Amino acid sequence: MRMKILQPTCSRKYLDIHSMHRLEKTANVEEMREVLAELLGLGSPAQSLRDAITLDLFSHALIFCRQQGFSLEQTSTACALLQDLHKACIATPLGNVEECYRYFTSVLFCHGIRRPPFSINLFKEEQLLALADYVVNTYFRHFKLYKYVFTPQVRLDLSLTYVGLQAPKLWPKDETEKEEGEEVEEQAVTPEEEEPETVVQPEPEPSQVSVLRAYIKTQMNKELEQLQQLVEERLKASEERLGSKLTALERPLQLPPGKGKNKTK
């Protein structure tokens, strides 16, 4: 009886070994971008803004992997990590930067420790730190821009129904056009008469519906202001937490004293 074990690793998830060999044989950046667009199923960058941004994202990631001397399997895994992070980002138009950061770090460290079938030691410690710094300084610093481009804009369409109030009567279109035509004909037939004296009529008192609408509008504006202030405070707090995490990641790794020294017998 054979048992299939599902591993959470991202090795060769989107770009297999044959795709990596094709990318390795490219002579320049332009040729690499053409092959990469074909492998990822992207269209022409001139026709689609999203495809152009996606192509830039992964082409710069490949250049980074080459500069770091990553192997083909390490490069494929790094691109898969970035692809999964991007999918998690654009899965919702709401702010989920903290959830995406936790997801990325958890999956990233699954490739630095040998504990099959849950994790593998594909990257060394310094390679993991370099990859984490690259993603933080490139993707997470432009997280809101990626979300703005790749997620639909959400708009609230609010309609209210009041119980106990009569709905305003809407005249049919045919009848209104007929009445307007009759008024025009009557004005054309009647001869010009002396201008009647203008009579000042008292202003009508506001109806219950207009008073209710004004009250509801005032209350809604107050609630929206409070909600906007609350959202801004939460976004500010989230940005401060993310900034502190980014600052902690950008600090150089300091090994505890005595850890790297060999014990003398």
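In this predicted model, Tyr134 has a relative accessibility of 17% and therefore counts as buried, since the limit for that label is under 20%. Tyr134 sits in helix H6. Leaving aside neighbours within four places in sequence, the residues in contact with Tyr134 are Leu57, His60, Ala61, Phe64 and Tyr139. One of these partners, Ala61, is 73 residues away along the chain, yet the C-alpha atoms of Ala61 and Tyr134 are separated by just 8.6 Å.

Helix H6 itself is worth a closer look. Its 14 residues should span 20 Å at 1.5 Å a residue, and the C-alpha atoms at its ends are indeed 20 Å apart, so expectation and model agree. Tyr134 has company among the buried residues of H6, which also include Leu128, Leu131, Val135 and Val136.

Two of these names return in the largest nonpolar core, a set of 44 residues: Leu131 and Val135 belong, with Leu23, Leu85, Tyr139 and Phe140, to the members that touch the most others. Several helices contribute to this core, with H1 (17–24), H2 (29–40), H3 (49–68), H4 (72–89), H5 (97–108), H6 (125–138), H7 and H9 (208–250) each supplying at least two residues. In soluble globular proteins, nonpolar side chains tend to be buried together. Leu23, for its part, touches Leu15, Met32, Val35, Leu36, Leu39, Leu62 and Arg66, not counting residues up to four places away in sequence.

The surface offers a contrasting case. Leu160, in the loop between helix H7 (143–150) and helix H8 (173–189), counts as partly exposed because its relative accessibility is 45%. Together with Leu156, Leu158, Tyr162 and Met220, Leu160 forms a nonpolar surface patch with about 500 Å² of accessible area.

Conventions
Residues are numbered from 1 along each chain as its sequence is written. This is a predicted model: local features need pLDDT of at least 70, side-chain atom pairs count only at pLDDT 80 or more; totals for chains, interfaces and linings use all residues. Side-chain values use heavy atoms; hydrogens and water are left out. Patches are made of residues with over 30% relative accessible area and no salt bridge: like charges are joined within 9 Å, nonpolar side chains (Val, Leu, Ile, Met, Phe, Trp, Tyr) within 5 Å. Accessible areas come from the Shrake-Rupley method with a 1.4 Å probe; for residues, only the protein chains shown count as cover. A salt bridge is a side-chain nitrogen of Lys or Arg within 4 Å of a carboxyl oxygen of Asp or Glu. Helices (H or I, at least four residues) and strands (E, at least two) are DSSP runs, numbered from the N terminus. Buried means under 20% relative accessible area, exposed over 50%, partly exposed in between (1.4 Å probe, protein chains only). A nonpolar core is a set of buried Ala, Val, Leu, Ile, Met, Phe, Trp, Tyr and Cys residues joined through side-chain atoms within 4.5 Å. Contact means heavy atoms within 4.5 Å. The expected span of a helix is 1.5 Å times one less than its number of residues.
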